[in-house]
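Here are a few exercises to work through with the structure open beside you. Try each one yourself before reading the solution.

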Amino acid sequence: MTEVWLFIIAGALAVAAAVMMLLSENAVHSALFLIVTMVCIALLFLMLDSPFLAMIQITVYAGAIMVLFLFVIMLLGAEKLGTADPGPEKSRFRWFTPVALSLALALLFSIGLVTIQGNIDAQEPPVADPTVRVVNVSNSGPVDVYVGSLLLADDLAFGQSTSFASVPVGEYTVSVRPASGGETTAVFDAVAAESTNIVAHGPADEAPGIALFLQDMRPLANEGDGRITIFNAKADSTNVAVVETDTYNTADGSYSFVRVQNLAFGFTSILELPNGDVSWRFLNDGDGEQIIAELFDEELRRDSSNLIVLADEVLPAGTVRTLPLVVTAPTAAQFGSPRAIGYSLFTEFLLPFQVLGLLLLAAMVGVIVLTQREIKPVKKIQQRRKVSRPLTSVITAQVGQEVTEDAPRLNAPATAGEAEPVK
Amino acid sequence: MLQLPSLETLNMGAALPAISIAAWACILLLIDLWIPKDRKILTVYLAAGNLVFAFIANLLVFNQSGDSFMGMYVADQFSGVMNLIIIGTALLSIVLSFDYLKRVGIERGEYYVLVLFVTAGAMFMAAANDLILIFVALELLSIPLYVLSAFRAPDIRSEEAGMKYFLLGAFASAFLVFGGAMVYGATGTTNLNEIAASAGMIIASNSSTSLFLLLGAALLLVGLGFKVAAVPFHEWTPDVYEGAPTPVTAFMSVAAKLGGFGSLLRILVVGMSAVTMTAGEPAVWQNVVAILAGLTMIVGNIVALSQANIKRMLAYSSIANAGYILMAVAAAGSPGLANEATRGALVYMLAYMFTNMGAFAVVIAVERANGGADLEHFVGLGKARPMLAIMMVVFMMSLTGIPLTGGFIGKALVFATTLNAGLVWLAIIGVLTSVVSAYYYVRVIVNMFLRDAEASTEEATPGYSTGVQWVAAVALGGTVLLGVLPTLITVLTDRVSLVASITP
Amino acid sequence: MVVQTESFVMLSIVLFVLGAMGVLLRRNAIMVFMSIELMLNAANLALVAFARYWGNETGQLFVFFVITVAAAEVAVGLALIVAIFRSKRSINIDELHEMKG
């Protein structure tokens, strides 16, 4: 309810200030009313989940542009608009006021009708499409992965992953086809706004198994954290524990800080940690002696959603090693946050951004060209009249001809008008 | 870390002509600092050189089709041809300006930099695939033009022209933004291709958001209509054209229309072709644009009849020409005709560019020789300077649409397209107004040849500088060549297909 | 969404029409210019309302660009006004009638 009241107050204030701006005699008052309108609009921006734009509105629009306006108004001395009017009988509005007013009312009415008929809120606002990516940790060679009929991964080698791709909502059959032949399928239901990982895993000679689980890409609860999803794809592991390497206790061979316990094969665990460097060890059976894999100084970036897949890799020589495969992706930025806008400015909207820069440069050049003028040297000689003006005009009247020319020079002979005193 | 898109995904090569002009404008601004005041001809050479480079670059990338800058900028044959015409305009107007600026005493290097910015803006507008880029490029096109209109600063008429142009131009761009907001509200995106897909769905499902879409389209039309001087948004044109320095008028009369029509064609054909009452029928906006076109032709031609000042007459004539191009835009609404209509519009714009630049070149020469640009100053030109008069005759004939000139080819194509679209009444208005326009064009010819000047000017003031000579010659050549051998240009335009950019 | 998108759009339309009336009716160039700024603000409000409705940031980016372009326009416009004022000592648009329509 408070939101409704806030909207009504801000809206009414904005409209009232706009009307006052239009009716005001004084240009400075008008500018100040416009600032009130802009601040109300900034308040409305805040209500609409765009804090960044609200601040930009206040700093740039109300703060810079209107200050520039006020500066020019005061520079030109234009605050008393009434004095610029040619005559008292003309109003400060132009002659076609009734026509313009009725046109404006007609426009308002028709657009209002359109808006209400448009009924935009009756529609469901659309939700984002589900996204899917593929990670290959199977040892049967490069795989092709199809989701429905869409080829998501073409010849994906061990340890490689694709980036997220959108698929329409629905149920799909995932088909994993290794290069060596054969096919494994699984069914998955793509739900709107969810991101799914398809992990193909398995030893060298068998058909790859498919694991499907979600990757949480939503903004993190704490600013600057990173999210890690750990998936255990090592078939012969039991109760894997993930520990902090630095907390090794040499006395009894255990680790005092255990991040995850009892992670079985095929299961996931999700953590949210502050950003920084991460050093972990993966222990089989929770036993400090059985270190199966290690992460050393892996950078956990801020605002990232990471996937760590613990998998066996069969090397060409035949030996097997276990490694944690790390796949990183940035989380979705908070709606309306500076990060979201910044990302878009540098990826999707790069060209308008650059053209905007050009525009600002052109405006600067234009302003300087328009207002620059040559400064001419000022004539330094200011002659003072030797004789006062009323006296010379009386003399002129008496003599009958002009008796003074330009300002008399200091050392020039006296003009006729100077010599004769008036009787 | 921010993942910037790689250079391959950006595909900057496709946008090379526009980018090179924009970048060089910034560099020229710096270089101009070191060019002494009396040798500003160097700036002219540098600017012209860059335009030539961009022209050649455009020819080289002509056959490259594709998105650039993540779908913002589309490099297809349409933008290729538009770029060529825009660069040609800029080149001609730069050559035209040098002597004029020196003579009037307003010579500054920044003039050429601003012209380059306008050119870049127009090129971005013609190739923009997104409402946001259209808006920003429109401002890049307009703001230097406001400044250029007021370039003869102490002269109050020039300043007044700049002020009027600025106020009405800003008014129009506010309408454009609001229209863009409505379209965004209806479709959720500002990319023209996605708008087309979304509009199709909205119309097909008969949803009520189609009202927003229509309102948005109407406001976009208003905003762009100001730029191309369509009636009833044409009030600013005569005053601004008269007050601005003549080479700026020449440039403005062509470049602003090119940018405006490029964007208008893209928005309507690529973005809104699907906005129909029932599938297979002409788009809803066809009738609206047709009415605008009809009004523009009628008002433009009829008011031009009473103009004594040639610059004002040419201003109204350019309004009328905008009407003819709008006919082609209206015809583009019919299903299947979009490509043909676009090609017609392109050829007309090319012919219009040559003719207008040539006519203004003659006006500048007459201004210099006889001190003004009223009809009176053209009297007796046939005897005093026959070459100039003959060129003017050709340009006037081209504007009327007499065969063997480029204007005729342009009008023929536009009329043919309009008839194909079934807008017979519009074509009839077009023909009738063309006949009417013959009166005031021929009046100039009559004045030049059949009346003698009262006072014989014995002082042989040089009527034209080298720059004007060149421009008039090139314009003459272009007009005649286009009229006699239209296949030279239709070879290029025949591959233009805007409709292909719509994903079905 | 507690407050409907519709309400925001109606408000923005009211402000837009007020601005348009200001442009058509006021005679002082600075007043006309401020009315144009009001129109742009109204369009910004509509854009942000739609951005929230659709859930994508395109609308907010459009507003970003509009605000910056408005800044550039204000600079040039005020420079023009200053230049005219220097010549004529008045910024009344009705007095800009050197050229007869």
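**Exercise 1.** How many helices and how many strands make up the secondary structure of chain A?

*Solution.* Keep in mind that you're looking at a predicted model. Step one: go through chain A and count the two kinds of element, which gives eight helices and 18 strands. Step two: check burial. Chain A has 423 residues, and 42% of them are buried. Step three: look at how the chain meets itself. Take the contacts in chain A with a separation of 6 or more; 59% of them join residues 24 or more positions apart. Step four: turn to the outside, where chain A has an accessible surface of about 22800 Å². Carbon and sulfur atoms account for 58% of that surface.

**Exercise 2.** Now do chain C: in what order do its elements run from the N terminus on?

*Solution.* Start with the count: chain C has three helices and zero strands. Reading from the N terminus, you get α-α-α. Next comes burial, and here 78% of the 101 residues of chain C count as buried, because each of those has under 20% relative accessible area. What chain C still exposes comes to about 2200 Å², with 54% of it supplied by carbon and sulfur atoms. Finally, among the chain C contacts with a separation of 6 or more, 57% are between residues 24 or more positions apart.

**Exercise 3.** Describe where chain B and chain C meet. How many residues does each one bring to the contact?

*Solution.* Begin with the head count: 41 residues come from chain B and 43 residues from chain C. Then take the area. Together the two chains bury about 3700 Å², and 81% of this lies on carbon and sulfur atoms. Which three residues supply more of chain B's buried area than any other three? They're B:M163, B:F178 and B:Y184, with 18% of the area that chain B buries against chain C.

Now look for polar links. Between chain B and chain C, five residue pairs are in polar contact. The elements of chain B that give two or more residues to this side are α6 (131-149), α7 (156-187) and α10 (236-243). The top giver is α7(B), with 24 residues. Sort the residues on the chain B side by type and you find 25 nonpolar, eight polar and eight charged.

One last check: how many salt bridges does the rule find across the interface of chain B and chain C? The tally is zero.

Conventions
Residues are numbered from 1 along each chain as its sequence is written. Chains are lettered from A and ligands numbered from 1 in the order in which they are written. This is a predicted model: local features need pLDDT of at least 70, side-chain atom pairs count only at pLDDT 80 or more; totals for chains, interfaces and linings use all residues. Side-chain values use heavy atoms; hydrogens and water are left out. Contact means heavy atoms within 4.5 Å. Buried area is the accessible area (1.4 Å probe) that two parts lose on being put together, summed over both. A salt bridge is a side-chain nitrogen of Lys or Arg within 4 Å of a carboxyl oxygen of Asp or Glu. A polar contact is a pair of N or O atoms within 3.5 Å; within protein, one must be able to donate a hydrogen and the other to accept it, and residues adjacent in sequence count only if both atoms are side-chain atoms. Helices (H or I, at least four residues) and strands (E, at least two) are DSSP runs, numbered from the N terminus. Ala, Val, Leu, Ile, Met, Phe, Trp, Tyr, Cys and Pro count as nonpolar, Asp, Glu, Lys and Arg as charged, and the others, Gly among them, as polar. Buried means under 20% relative accessible area, exposed over 50%, partly exposed in between (1.4 Å probe, protein chains only). Accessible areas come from the Shrake-Rupley method with a 1.4 Å probe; for residues, only the protein chains shown count as cover.
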